[in-house]
Amino acid sequence: MHRILFTVLAQFAVVTAALAHHSPVMFDQSQPRTLTGTVREFQWTNPHSYIQLVVKNDQGQDEEWNVEMAAPTYLYNLGWRPGTLKSGDEVILTIAPLKKGGNGGLLLKATTADGKPIGRTPAAQGATL
Amino acid sequence: MMRGAAFSAALALCACTQQAPPTDPRVEQFARLPNWSGIWLADGLEPGVDGFSVSRPPALVVQAPGIPWNESAMARLQAELATNPELQVKPAAGWGYPLMMDGAPPLQFVITPEETLIFNTYRDLRHIYTDGREHPAEGDLWPTTWGDSVGHWDGDTLVIDTVAVREPNKYFGISAWLSDQAHYTERLRMVAPDRIEGEMTVVDPATLSRDWVVKLNYKRADGFDRLIHDAYDNDRTGFDGDFYTIKPATDAEPPAAP
């Protein structure tokens, strides 16, 4: 019985948990990526907010990225508001990309083009919901 | 002279009446109750900008360490892991009970003599009846996502008894896989102006080998000045058969032809 318990918990230990409204296992937290680009649209929406970011690819072409964020209720707590980002703003985003690939990911950190943090970061973010 | 004395006496009677107005029993009932107004966050579960990163693992999810599962529950977990190793779950519209009591959404407690309301920004709502009633009779009770709760005040501690909670993971798959027969007891008390502490005890022989005690700690939220509720009007989570993905923005231009 104890061996079974250990086996199950060991598997759980590598599983990232989930949050309403879905699980974060769709994102690769081990391969963060930095995007520098221009905001096309900031979607302050439920169940997630999104930044539609236009980024130059290696060939110099514009690509649009879908960057998912927390729901407005959590962003509000961190000092974000619907007008925090506007179309045309230059930002630097650190994301966990989609495991599936493609131009999408989960926002981990946002700064202005000159490196100033956007919003507040809660203390001691060492675990996952 | 007599008329002057009578006037003075009448004036004194009037003043006396004004100094001691009749007390409304309802006001007295409220005055005896604790004041937990404000907005509260489960301590350690304040999400970052990603909506997932927090300071500690939540206690009431299926993969939380220390849950005293019995053998049949363990077998069920192993079977699930065999086919769903990442424990992906379908999106949920809220947290349900008991997960809402140790979740990320901010909570509010509204205390009245007859009941205490507990709710969050996902509109998970509990009615804790404190008017002396008991749970409905067995034939009048059926499992629901938030269960049936009655309570009482033990001094300044709110004691809550909850039954008839539908298997929590049926609403939100990350919840602990407890049965419909689980019995929940909570004790909550404000220990400081900015802190509420307590614990939840879960008794569920169908899934647990012994009583499961979970600490519940809340801190006053400083980033909120109100609870904001909104519908899901932009659900862009897609599923391709293997992974959840992000659907393109509906107003995005189609990709350029190669």
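These are my notes on the contact between chain A and chain B, one residue of chain A, and some strand pairing in chain B, all in a predicted model.

**Entry 1: extent of the interface**

I began with the residues in contact, and found 65 from chain B and 60 from chain A. I then looked up the area buried between chain B and chain A, which is about 5300 Å². Carbon and sulfur atoms give 63% of that area. On the side of chain B, I noted that Val49(B), Phe52(B) and Ile246(B) supply 16% of the area this chain buries against chain A, more than any other three residues.

**Entry 2: polar links across the interface**

I looked for salt bridges between chain B and chain A, and the rule finds 2. I recorded one of them, between Arg120(A) and Glu46(B), with the closest N and O atoms 2.9 Å apart. For polar contacts across the interface, I have 15 residue pairs, both members at pLDDT 80 or more.

Next I asked which elements give two or more residues to the side of chain B that touches chain A. They are strand 2 (53-54), helix 3 (71-83) and strand 12 (244-246) of chain B. Helix 3 of chain B gives the largest share, 5 residues. By residue class, I have 35 nonpolar, 14 polar and 16 charged on this side of chain B.

**Entry 3: strands paired between chains**

I followed strand 2 of chain B into chain A. Strand 6 (residues 127-128) of chain A runs antiparallel to strand 2 of chain B, and 2 bridges join them. I noted Val54(B) as the bridge partner of Ala127(A).

**Entry 4: Asn66(A)**

I located Asn66(A) in strand 3 (residues 62-68) of chain A. Is Asn66(A) buried or exposed? I call Asn66(A) buried because its relative accessible area is 10%, under the 20% cut-off. Its side chain makes a polar contact with the side chain of Gln52(A), at 2.8 Å.

I then listed the contacts of Asn66(A), leaving aside neighbours within four places in sequence. Those in chain A are Ile51(A), Gln52(A), Asn103(A), Gly104(A) and Gly105(A). From chain B I have Arg236(B), Ile246(B), Lys247(B), Pro248(B) and Ala249(B). Ile246(B) had already come up among the three residues in the buried area of chain B.

**Entry 5: strands 8, 9 and 10 of chain B**

I traced strand 8 (residues 183-192) of chain B, which pairs with strand 9 (residues 195-203) of chain B in the antiparallel sense over 9 bridges. A hairpin of 2 residues joins these strands. Strand 9 of chain B also runs antiparallel to strand 10 (residues 212-220) of chain B, with 8 bridges. I used Thr201(B) as a marker: Thr201(B) stands opposite Thr185(B), and also opposite Val213(B) in strand 10 of chain B.

How values were computed
Residues are numbered from 1 along each chain as its sequence is written. Chains are lettered from A and ligands numbered from 1 in the order in which they are written. This is a predicted model: local features need pLDDT of at least 70, side-chain atom pairs count only at pLDDT 80 or more; totals for chains, interfaces and linings use all residues. Side-chain values use heavy atoms; hydrogens and water are left out. Contact means heavy atoms within 4.5 Å. Buried area is the accessible area (1.4 Å probe) that two parts lose on being put together, summed over both. A salt bridge is a side-chain nitrogen of Lys or Arg within 4 Å of a carboxyl oxygen of Asp or Glu. A polar contact is a pair of N or O atoms within 3.5 Å; within protein, one must be able to donate a hydrogen and the other to accept it, and residues adjacent in sequence count only if both atoms are side-chain atoms. Helices (H or I, at least four residues) and strands (E, at least two) are DSSP runs, numbered from the N terminus. Ala, Val, Leu, Ile, Met, Phe, Trp, Tyr, Cys and Pro count as nonpolar, Asp, Glu, Lys and Arg as charged, and the others, Gly among them, as polar. Two strands pair if DSSP finds at least two bridges between them. Buried means under 20% relative accessible area, exposed over 50%, partly exposed in between (1.4 Å probe, protein chains only).
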